[in-house]
Amino acid sequence: MKRVLPVVLLLACSAPAFGQAVDRQGAKQLSDDLAHYIGKKPFDIGFVKISVDGDAYKLAFDFKPVRDLMAKQQAFKFDVTPYFILVKPRKDGHWDVSADVSPKGSIDFVGPEGAQHIDFSVSDNKFTGVYDPDLAAFASATGSIAGMTMTTREPKQHADVTVGAGTAAIVSTKSANGGIDFTVTEKITNFAETIKVNDPKNGLSFPAAVKAPELSVDATGKGLRTKPLLDLLAFIVATDDAAKFKADEAEFKSLLTAALPLWERIDGTYGFNDFVVESPVGKFGATQLKTAVGMDGIAKDGKINYAFKVSGLTMPQQVLPSWSVALLPTDIDLNFGGTNIDLDSMAKKTIETLDFSKDPPLPADFGKQIFADFLAKTPKAILGHSTIKNGNIEIAMEGEMTFPGKKPETSMTIDVAGYDKIVEALQTAAKTEPEAAQYFPFALAVKGFGKALPDGRLEWIINAKADGSVTVNGAMLKPADAVQDNPIMDPSDVTVPDHGSGENDDGGAGAKLKP
């Protein structure tokens, strides 16, 4: 399925179908249009061939000519079974696209660690869709596979991957501000991967297995500039030497500018259910493991977000100190990101400065200039509301980092429910565990700087300035570098008031640094 889609997307080169007759002339026209985007060589060597098949056109892909050309390069070899897709013109100007293939193949190449070999096989791979030339994308499409296997062989590692049945769907519509809006969903069952590492030089030799009954992918996009991007691709294919780039520099810059901002927004999630890793030291697992990424396009005030979420986390206890088991997190929800990211000015300045009559086409110090401009727009790194939980213990945090100069400034708020349970666990373990005894004084020191909230949680508001100073809940933890350049607080340098039951009338302000 994934090997069919990238090629089919290039059908944007064809004119709307409008119920045209399927004949040899139409096949030639479709070949010429497609060559506009992938070049004539794939047709000349026989890699791609378009012919009439009943009331549709057959796009046949034969990898043997490519394999024969690549055979001269001993460092890279591959072999893939041929396949074809059918495209049929519709009365509404769209195209019906279908494929029923089961590609198999192998790849050999020389990597940094030596020779590597890959085998893959996809069974019962089906695809159907409606391609809209006006969108330069599929208005709708569905795909499925019955299963897939892949093996990789490297000098220090072997891996075998299998997946069961899978399905995918795509929907695209015209975006209000240009380009297309799209959604993609994909689900694969019975994901399994076994890995065997054998690296005597570094003392590594172990097997591992990763399993999950379900893997899902969901993505949405807004304002993807499909047509300008294809126009840019056509220009690059047609302009195959430096002299043409110099002559057509203005057109190239115009096409680059037209493709901006590439997209308005793209968001995607990738997740496993009942994720398990079996290793020689025991079993790691999570009922849910998910990552999510979202990013704006080339914008003046762009945003990017990244999230990592684990629920029902388990790990083998025999590899951990006994005292730490009760403190292990079972749920993790981390959120990072950035705002006020001005890539638009960077992109436009780069396009404006490009000069292909010079070598290099950009000034030697251009990278430093554009990075300085980027920081001058005060981008901000964000730690969104994030939590780490275990039973009655919850650590919540959020903050941000800005760059007013060469050094960053950071502000962060951390609050904890059940902090006394952490202290109690360390205090009990300290009686028999030397390592816990080392952490116990530090836990008390941290508590001393905390502020008690009405709901019983402890809060720490941390501010680190560009001058090197650090305060916690308004108390100076580290002075500015110009006054004193000492390392961050050591627990032994703090006197901590007796909290007794854990209550603190002055909110922890009684904590003092020793003179």
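Which side-chain oxygen reaches to the backbone nitrogen of Gln 25 at the start of H2? Select Asp 23 and Gln 25 to find out: an oxygen of the Asp 23 side chain comes within 3.3 Å of that nitrogen. Keep in mind as you go that this is a predicted model.

**Stop 1: along helix H2**

Now extend the selection to residues 24-38, which make up H2. The end C-alpha atoms of this helix are 21 Å apart, in agreement with the 21 Å that its 15 residues should span at 1.5 Å a residue. Colour its buried residues next: Gly 26, Ala 27, Leu 30, Ser 31, Asp 33, Leu 34, Ala 35 and Tyr 37. While you look at the pattern, recall that an α-helix has 3.6 residues a turn, so residues three or four places apart point the same way.

To see what covers these buried residues, show helix H3 (41-44) and H5, together with strands E1 (48-53), E2 (56-61) and E4 (83-89), which are among the covering elements. Before leaving, click on Gly 39, just after H2, where phi is positive at about 90°.

**Stop 2: Arg 225**

Please jump to Arg 225, in the loop between strand E14 (204-224) and helix H5 (226-238). What is the nearest side chain of opposite charge to this buried arginine? That is Glu 264, 4.1 Å away, and Arg 225 has no salt bridge. The cut-off for a salt bridge is 4 Å between a side-chain nitrogen of Lys or Arg and a carboxyl oxygen of Asp or Glu.

Backbone oxygens are worth displaying here. The one of Gly 223 lies 2.7 Å from a polar atom of the Arg 225 side chain, and the one of Asn 177 lies 3.4 Å from a polar atom of that side chain. For the wider surroundings, select the residues that Arg 225 touches beyond four places in sequence: Asn 177, Gly 178, Gly 179, Ala 259, Leu 260, Pro 261, Leu 262 and Glu 264.

**Stop 3: two cis peptide bonds**

Two of those contacts, Leu 260 and Pro 261, are joined by a cis peptide bond with omega near 5°. Pro 261 sits in the loop between helix H7 (249-259) and strand E15 (265-279). Then move to Asp 359 and Pro 360, where the peptide bond is also cis, again with omega near 5°. Here the loop holding Pro 360 runs between helix H8 (343-353) and helix H9 (366-376).

**Stop 4: two aspartates with positive phi**

Most residues other than glycine have a negative phi. Select Asp 124, whose phi is positive at about 50°. This aspartate belongs to the loop between strand E7 (114-123) and strand E8 (125-132), and is partly exposed at a relative accessible area of 34%. Go on to Asp 274, with a positive phi near 50°. Asp 274 lies in strand E15 and is partly exposed, with 43% relative accessibility.

**Stop 5: helix H11 and the chain ends**

Next, select residues 434-448, helix H11. Its 15 residues reach 22 Å from first C-alpha to last, close to the expected 21 Å. Buried along H11 are Ala 436, Phe 440, Ala 443, Ala 445, Lys 447 and Gly 448.

Finally, colour the chain by pLDDT: the average is 87, and 89% of the residues score at least 70. Residues 1-14 are below 50, with 45 contacts in the model beyond near neighbours in sequence. Residues 483-515 are below 50 too, with 50 such contacts. Where pLDDT is low, the predicted coordinates should not be read in detail.

Technical notes. Residues are numbered from 1 along each chain as its sequence is written. This is a predicted model: local features need pLDDT of at least 70, side-chain atom pairs count only at pLDDT 80 or more; totals for chains, interfaces and linings use all residues. Side-chain values use heavy atoms; hydrogens and water are left out. Helices (H or I, at least four residues) and strands (E, at least two) are DSSP runs, numbered from the N terminus. Buried means under 20% relative accessible area, exposed over 50%, partly exposed in between (1.4 Å probe, protein chains only). Lys and Arg count as positive and Asp and Glu as negative; His and the chain ends are not counted. A polar contact is a pair of N or O atoms within 3.5 Å; within protein, one must be able to donate a hydrogen and the other to accept it, and residues adjacent in sequence count only if both atoms are side-chain atoms. Contact means heavy atoms within 4.5 Å. The expected span of a helix is 1.5 Å times one less than its number of residues. pLDDT is the predictor's confidence in each residue, from 0 to 100.
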